[in-house]
Amino acid sequence: MAGTEAATVVVSFPDKRWIDLVGPIPTVRAVVWDAESDPVRAGAVDAEFLVPPYLRRADWSLVNRLPRLRVVQTLTAGYEDAIANVPPSVTLCNAAGVHDASTSELAVGLILAQLRGIPAAVRAGSASRGRWQPHTLRSLADRRVLVVGAGGLGSAIAARLEPFEVSLTRVASRARDDERGHVHAVAELPALVSQQDVVVLACPLNEGTRGLVDARFLAAMPDGALLVNVARGAVVDTDALLRELCDGRLLAALDVVEPEPLPDAHPLWSAPGVLLTPHLGGNTSAFKPRAAAFLRDQVIRFAGGRPLRAVVAGPVDLYSPS
């Protein structure tokens, strides 16, 4: 995607691998910039379309010095860091849909692992213990499962849960009906939570969802219920969850936590009834080819003056510079 001096659009990628994956696009000049070093030295000062690095924070003080910047395109579905730093004049897009398959796979895997006692079986069967301990466990079949979030990720999780013959309830910011049936409003959560065996968090982090799962929410969950978080760590009150775990009342499976990364000495590591994975949801073999296809489409849209996908903030209608 090297382009020529006559290119009309300058696109900055975090490293050359992304340029190779996206491939050449007419009228586009690609540059490499890590969003952490001097953009002038990197040749990115004229970038109009910026792709920040994946799973690494950009230096927004440098990003906001790009005089021609018009679009910031994240490689993550979450965009809370970017939206707090990108000026209103710049369009912010997230990677909606890119991570849905991988993250929903993990959500189902976490549910199965906890309900079927896989972590305990692994510990019992370790070389140091070597204990054969069969016992009756809960099946995912016939469980009452609540998915909080009915966007791309929530819908992907719901689709993967249906073949497991669960009783599925979905919640979103507002009530509505779609092809899968009824979606409840978030205001209904207090009544719904008390009826669930499994609660899966798949919502974006915003002012409405920050701390949504607090002590009151957790107290409403039935004894032995499982909380699964593949959304963002700050959706859950960590201290409140720790109290429930240490009391042995609830189970949890967490791919995201608050704080993150989780410090070595944090009590969550040793809390009973919790399964932790280090934010693995979207970071799989499916990520790069899906992200590259998404980026290519976005850049082509921008260069051609067509509407962008997954706009979450800033101007919606953009036209390619002349």
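This is a short talk on the strands, loops and empty spaces of one protein model.

Hello everyone, and thanks for coming. Before anything else, please keep in mind that we are looking at a predicted model.

Let's begin with a sheet. Strands in a sheet are held in pairs by backbone hydrogen bonds, and they may run parallel or antiparallel. Our sheet is open, has 6 strands, and reads β2-β1-β3-β4-β5-β14 across, with mixed pairing. Which strands stand at the edges? They are β2, residues 28-32, and β14, residues 311-313. Each of these two has a single partner strand, so one of its sides has no neighbour in the sheet. For β14, look at its pairing with β5, which covers residues 91-93: the two are antiparallel and share 2 bridges. If you want a spot to click on, L92 has A313 in β14 as its bridge partner.

Now over to strand β6, residues 144-148. Is this strand largely enclosed or left open? Of its 5 residues, 4 are buried, so β6 is largely enclosed by the rest of the structure. Its link to β7, residues 167-172, is parallel and made of 5 bridges. Within that pairing, V147 sits opposite R170 of β7.

Another parallel pair is β10, residues 198-201, with β11, and here there are 4 bridges. L201 is matched with N229 in β11. Please remember N229, as we will meet this residue again. In a regular strand, side chains take turns between the two faces of the sheet. You can follow that in β11: L226 and V228 point one way, L227 and N229 point the other way, and all of them are buried.

That brings us to the empty spaces. How do we find them? A probe the size of a water molecule, rolled over the atoms, shows where space is left. How many cavities of 30 Å³ or more does the structure hold? The count is 1, and the space inside the largest cavity comes to about 60 Å³. Here is N229 again, in a lining that also includes G233, V236, T238, L241, L254, V256, V257, E258 and L268. By type, this lining has 6 nonpolar, 3 polar and 1 charged.

There are pockets too. The second largest pocket encloses about 220 Å³. Its lining has 13 residues, and the closest to the pocket centre are A121, A124, Q133, P134 and H135. This lining divides into 6 nonpolar, 4 polar and 3 charged.

Next, some loops. Just ahead of β11, in the loop that connects α9 (215-220) with β11 (226-229), we find D223. Its relative accessible area is 63%, over the 50% cut-off, so D223 counts as exposed. The D223 side chain makes a polar contact of 2.9 Å with the side chain of R249. By contrast, G181 is 42 residues from D223 in sequence, and their C-alpha atoms are 28 Å apart.

P67 is a loop residue as well, placed between α3 (60-63) and β4 (71-73). With a relative accessible area of 64%, P67 is exposed. From the C-alpha of P67 to that of K288 is 29 Å, and 221 residues along the chain lie between the two positions as a separation.

The backbone has a few details to show you. E258, which we met in the cavity lining, is joined to P259 by a cis peptide bond with omega near 10°. E260 and P261 are also joined by a cis peptide bond, with omega about 0°. Where do these prolines sit? P259 belongs to the loop between β12 (251-254) and β13 (274-276), and P261 is in the loop between β12 and β13.

Then there are positive phi angles in residues that are not glycine. L55 has a phi of about 60° and lies in the loop between β3 (49-50) and α3. H279 has a phi of about 50°, and its loop runs between β13 and α11 (287-303). H279 is partly exposed, at 24% relative accessible area.

Finally, the cysteines. A disulfide is a covalent bond linking the sulfur atoms of two cysteines. How many disulfides are counted in this model? The count is 0. As for the surroundings of two cysteines, C203 is buried at 9% relative accessibility, whereas C246 is exposed at 51%.

That's my tour; thank you for listening!

How values were computed: Residues are numbered from 1 along each chain as its sequence is written. This is a predicted model: local features need pLDDT of at least 70, side-chain atom pairs count only at pLDDT 80 or more; totals for chains, interfaces and linings use all residues. Side-chain values use heavy atoms; hydrogens and water are left out. On a 1 Å grid over the protein atoms alone, a cavity is a set of points where a 1.4 Å probe fits but cannot get out, and a pocket is an open set with protein on both sides within 12 Å along at least five of seven lines; lining residues have an atom within 4 Å of a point. Grid points are joined across faces, edges and corners, and a volume is the space filled by probe spheres set on the points. Ala, Val, Leu, Ile, Met, Phe, Trp, Tyr, Cys and Pro count as nonpolar, Asp, Glu, Lys and Arg as charged, and the others, Gly among them, as polar. Two strands pair if DSSP finds at least two bridges between them. Buried means under 20% relative accessible area, exposed over 50%, partly exposed in between (1.4 Å probe, protein chains only). A polar contact is a pair of N or O atoms within 3.5 Å; within protein, one must be able to donate a hydrogen and the other to accept it, and residues adjacent in sequence count only if both atoms are side-chain atoms. A disulfide is a pair of cysteine sulfur atoms within 2.5 Å.
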